[in-house]
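Visitor: I've got a model up on my screen and I'd like to walk through it. Can you take my questions one at a time?

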Amino acid sequence: MKKLLLFLAMVCLVSFASAQNVKESTVSFNKTQVSGYLANINGYTMDVVDLAMRTKLEKEFGLKSSKEGSYRAYLNQPCSVFGPDSYDIYYQVSEFGKKKNRTTQVSFVLSSGNMNTITSSNNPEIARRVKNFLNDFLSTVPNFAASQEVEALEAQLEKLNKEKASLDNEIAKNNKSIEKAHKQIEKINKNIDKSQKKIEKVDEKVAKKIKEIEEVQVKIKEAKSSM
C-alpha cells in the first residue's frame, strides 16, 4: 500500500511539473521561426516521447501523418480536442541540456492553413486548448513509458518461453535417442552373451576332441611298444 501511495504521489508530482513546462514560444520550423508551443519533460527519451505523441494523435484521434522536414505533420485534418475545424498540426521532439540531465522537448505548431499559426493573440480559445492538450499529453507520458516497458518485457518473456519450449523439445528428442541407443546397446550385449556361450560350448567340444586325440595317441604308442 505504501508503495502504491508513493507511486501515485510521484505521478501527481510529474503531472504538476509537466503543467509548468508548457508555454507559447517562437519555434524553429524548417529554417524559419514561427509561433508555436514548447512542452518539456525530464526522464524520458526522445523515442518514448515521440512514440507517445504519435500514438495519441494517430490511435486516439485517428490522424494520418506525413513528414515535413524534421517535423511530423498532420495536414488539413480535424482533431476533436481543438474543435470541429481542420488544422495543420506539426510536432518535433528534441533534447537539450547536459548529458546526464537531458530535457526532452516537444515543439508543437497548430496552423489554420498556409502556416497561419494559432496563438493566444489571434485565437485565445484554441490556444488554451492546445496548452491543455500538451499538459494532458505530458501527464500521460509516464504511464505510456511504463506500458512500453511492460510490453517489451512481455515480448522478452514470450521469446524466452518459446526458446525454453524449443529446448524442452530438443531434450525430449535427445532423451528418446538416448533411450533408443540404450535399447540397442542392451540388444548388442545380449547378442554378445549368446555368442560367448556358443564360443564356450565350441571350446568345450574342441577340448574334448583334443583329449580324445591324446588318448588315441597314447594307445598307439602303447601298441607300438608291445610289438
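What follows is a set of questions and answers about this predicted model.

Visitor: Let's start broad: what pattern of helices and strands does the protein follow along its sequence?
Guide: The secondary structure comes to three helices and six strands. Read along the sequence, they give the pattern α-β-β-α-β-β-β-β-α.

Visitor: How much of the protein counts as buried?
Guide: The surface first: about 16,200 Å² is exposed, and carbon and sulfur atoms supply 56% of that. Buried here means under 20% relative accessible area. Of the 227 residues, the share that makes that cut is 25%.

Visitor: In what order do the strands sit in the sheet?
Guide: It's an open sheet of six strands, paired antiparallel. β1 (22–29) and β3 (66–68) stand at the edges with a single partner strand each, so one side of each has no neighbour in the sheet. From one strand to the next the twist averages 40°. The order is β1-β2-β6-β5-β4-β3.

Visitor: Which residue stands opposite S66?
Guide: S66 belongs to the edge strand β3, which covers residues 66–68. Three bridges join β3 to β4 (residues 71–78), and the two run antiparallel. In β4, the residue opposite S66 is A73.

Visitor: And how many bridges join β5 and β6?
Guide: Those two form a hairpin with six residues between them, and G97 in the turn has a positive phi of about 105°. One of the pairs is V93 with its bridge partner V106 in β6. On the other side of β5, β4 pairs with it over five bridges, with Q77 opposite Y87. For β5 and β6, the number of bridges is nine.

Visitor: Now helix α2: at what angle does it run to β5?
Guide: α2 takes in residues 46–60 and lies across β2 (32–42), β4, β5 (86–96) and β6 (103–111). Relative to β5, it runs at about 165°.

Visitor: How far apart are the end C-alpha atoms of α2?
Guide: Start from 1.5 Å a residue: the 15 residues of α2 should then span 21 Å. The distance in the model agrees with that, at 20 Å.

Visitor: Which residues of α2 are buried?
Guide: Look down the axis of α2: its buried residues fall within an arc of 115°, so they line one face of the helix. The face turned away from that side carries the exposed residues D47 and K59. The buried ones are V49, A52, M53, K56 and L57.

Visitor: What about I118, buried or exposed?
Guide: I118 lies in the loop between β6 and α3 (124–225). Setting aside residues up to four places away in sequence, it touches Y37, Y87, L110, S112, N123, I126 and A127. Its relative accessibility is 6%, under the 20% cut-off, so I118 counts as buried.

Visitor: How far is the C-alpha atom of I118 from that of S35?
Guide: Along the chain, I118 and S35 are 83 residues apart. In the model, their C-alpha atoms are separated by 7.6 Å.

Visitor: Last one: what is the relative accessibility of T119?
Guide: T119 is also in the loop between β6 and α3. Leaving out residues up to four places away in sequence, T119 touches E24, S35, Y37, P124 and A127. T119 counts as buried because its relative accessibility is 11%.

Conventions:
Residues are numbered from 1 along each chain as its sequence is written. This is a predicted model: local features need pLDDT of at least 70, side-chain atom pairs count only at pLDDT 80 or more; totals for chains, interfaces and linings use all residues. Side-chain values use heavy atoms; hydrogens and water are left out. Two strands pair if DSSP finds at least two bridges between them. Helices (H or I, at least four residues) and strands (E, at least two) are DSSP runs, numbered from the N terminus. Axes are lines fitted to C-alpha atoms, for helices over the stretch in contact, and angles run from 0 to 180 degrees between N-to-C directions. Contact means heavy atoms within 4.5 Å. The expected span of a helix is 1.5 Å times one less than its number of residues. Buried means under 20% relative accessible area, exposed over 50%, partly exposed in between (1.4 Å probe, protein chains only). The arc is that of the directions from the helix axis to the C-beta atoms. Accessible areas come from the Shrake-Rupley method with a 1.4 Å probe; for residues, only the protein chains shown count as cover.
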